[in-house]
Amino acid sequence: MAGPRGTGRAASQAQPRKRRPEPEPERELQAEEPPVLCDSAPSHRDGSDSGLSDSEDSVFSGLEDSGSDSSEDDSEGEDGASHGGMEETSGEQVQAGTTCPRTEVVDALNGEEYLEDSSDEEDIRNTVGNVPLAWYDDFPHVGYDLDGKRIYKPLRTRDELDQFLDKMDDPDFWRTVQDRMTGHDLRLTDEQVALVQRLQRGQFGDVDFNPYEPAVDFFSGDLMLHPVTNRPADKRSFIPSLVEKEKVSRMVHAIKMGWIQPRRPRDPAPSFYDLWAQEDPNAVLGRHKMHVPAPKLALPGHAESYNPPPEYLPSEEERLAWAQQEPGERKLNFLPQKFLSLRAVPAYGRFIQERFERCLDLYLCPRQRKMRVNVDPEDLIPRLPRPRDLQPFPVCQALVYKGHRDLVRCLSVSPGGQWLISGSDDGSLRLWEVATARCLRTLPVGGVVKSVAWNPNPTICLVAAAVDDAVLVINPALGDRLLVGSTDQLLGTFTQPEEPVLQAARWLEASGEEHQWGLRLRICHGKPVTQVTWHGRGDYLAVVLASPSHTQVLIHQLSRRRSQSPFRRSHGQVQRVAFHPTRPFLLVASQRSIRIYHLLRQELTKKLMPNCKWVSSLAVHPAGDNIICGSYDSKLVWFDLDLSTKPYKVMRHHKKALRAVAFHPRYPLFASGSDDGSVIVCHGMVYSDLLQNPLLVPVKVLKGHTLTRDLGVLDVAFHPTQPWVFSSGADGTIRLFT
């Protein structure tokens, strides 16, 4: 850092700039006697403010006084004098006003040397030097002036909104930049803006500089009378070089010894070779071990002859048939013709095209030798057990239950296996005796029966039937009279609550006439009911409504006569629902997926993707770990819940849409009914060993139903104890296969 001399020099450099507007008094003072310092001069050495207060010094430095940091002022000794100067501003101003004229003379004479300073220094107010300004980020000042005073940062209390308003109001905002040395905003002049624009365009900074001035030719092209140089030629231009002679002798010796091979002339003749010829192992293509020679063209036959036998000449009908065929389907790509002599044969019109296609075939068709494995096709078929070893399963038709006048949509078997109930489009429910195929009762319900389900609890004698928009709870009054009476007594113990509860369905008691033929309860819904199914305990039943809202699935509790909707929103049109046989799960099958919900936790447990276009039916294995579903695109999909959410196996045995699937409660059997009029019985063994996959084998195709309105089998159900299967069809019959 500069000492006192440097400070005085900088001060003398700054003083004439202040006195520039008054040049006449300076010239008068220059003629006076040599300067003698006044008594007030020692104040500079004493560390005072040289006759200026803080406010005046800030005006002199071009910056507004923004206050000082008290903690830093206390630590420096000379700041105390500056504070004293602030308190005595009036005296300092007087002292500044009555400065000694001789001192001004000295300052003017000392500053005469720097009046014409042409340095392009940007700003001499901040003399911090080449110091990173980031060091001053945490301080209130940005540097020091020529007298060692702090230059405080301007107060910036403007937020982004004020800056945006300035940007909108100030027309010169675009040409305003911030000086990093002082922190002030500078407005660029027109010359500075033009300079920046020229530099951005990649031009020269000087406007008057022309980079494309014509070149000055220093040497003229005219023949001059006197040469430029008249120096005589050197002696070495006449004498052979000894250095070059030595280099040449070395190269000659290397050629003689064979170290340098002279360049051999290249053979200009192009080298071609037959691409498909039989090469020896040392040939160019011998490296390609998988090379296969191109197939040879077939030799011409009698049809290609110019004088073919008469049997090769086509008739007029064969010519028309040949012309109507596609080019790829023709046996011959030409028509045989007969000529009297070889001279009468014209040129072949498609010769060039055929040769070009032949070359394309040879060039573009890759040939590769593939190692064929000799495998017996029988070994590729999985080893399945013989159906004879998988007995018992139904093999033949035993009984036909006739009586319905329209298609039979649904059926259900009693838990004991003695009775059978069926629902039809003729508006009736029929109760049958299984062993004799005798119709015991006919219940008129007055509508199409979409679904019917017998209560699985053997201590309750009830049947639920879906008719139009209602679910009918019927006591069939078959079998044990004590069981029938206890069922009616169970339904009669219900007492109506004092305050009616708002529910999703209305529970109505049967009237006297309806009570005689067995109706006990009528559960009315606002939408048509498509399916009804019971829980394994026999107290809850789930129904599916033909409604697009979230109330598609409702669960009714028989003992408390309550109805509830378990879902808040819909995930598509629900096709089927089923209760899990052992766990509190509800399975809901929509068109493209099957969702499994936990009823106690009220959450989605698993989502199965059957990869079908439209799921039509659903059945759960008695153990609860496997599910089968049928679809309208003739697929039967088996899911293993412990394995994956993707299908374990997809079977496509039926030719038309599947309408119903069912598991046997005791035997490892499952069946599927389709619109092709057949029932396919499959063996489905599920092992207790988790490492062993289920064994699925189709064992029998049962036929007997006749197709009516393109509909075949509409529902299937197994006997609860025997390996028998019931099927209801569109022909109005129910058939028992045993």
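This is a short talk about one protein chain, its make-up, one of its sheets and one of its cysteines.

Okay, so before anything else: what you have on screen is a predicted model. The protein chain has 738 residues, and 33% of them are buried. In secondary structure, we get 16 helices and 33 strands. On the surface side, about 49,300 Å² is exposed, with carbon and sulfur atoms supplying 53% of that area. And if you take the contacts with a separation of 6 or more, 49% of them link residues 24 or more positions apart.

Now let's zoom in on a sheet. Which order do its strands take? Reading across, it goes S23-S24-S25-S26. That's an open sheet of 4 strands, and the pairing is antiparallel. The edges are S23, covering 615-620, and S26, covering 649-651, and each of those pairs on one side only. Going from one strand to the next, the twist averages 20°.

Staying with the S23 edge: S23 and S24, the latter being residues 626-631, run antiparallel and are joined by 5 bridges. If you want one to click on, try Ala-619, whose bridge partner in S24 is Ile-628.

Last stop, the cysteines. How many disulfides does the count come to? The answer is 0. Remember that a disulfide is a covalent bond between two cysteine sulfurs. Take Cys-612: the nearest cysteine sulfur belongs to Cys-629 and sits 5.2 Å away. The cut-off is 2.5 Å, and Cys-612 is in no disulfide. Is Cys-612 buried or exposed? It's buried, because its relative accessible area is 4%, and the limit for buried is under 20%.

Conventions:
Residues are numbered from 1 along each chain as its sequence is written. This is a predicted model: local features need pLDDT of at least 70, side-chain atom pairs count only at pLDDT 80 or more; totals for chains, interfaces and linings use all residues. Side-chain values use heavy atoms; hydrogens and water are left out. Two strands pair if DSSP finds at least two bridges between them. Helices (H or I, at least four residues) and strands (E, at least two) are DSSP runs, numbered from the N terminus. Axes are lines fitted to C-alpha atoms, for helices over the stretch in contact, and angles run from 0 to 180 degrees between N-to-C directions. Buried means under 20% relative accessible area, exposed over 50%, partly exposed in between (1.4 Å probe, protein chains only). Contact means heavy atoms within 4.5 Å. Accessible areas come from the Shrake-Rupley method with a 1.4 Å probe; for residues, only the protein chains shown count as cover.
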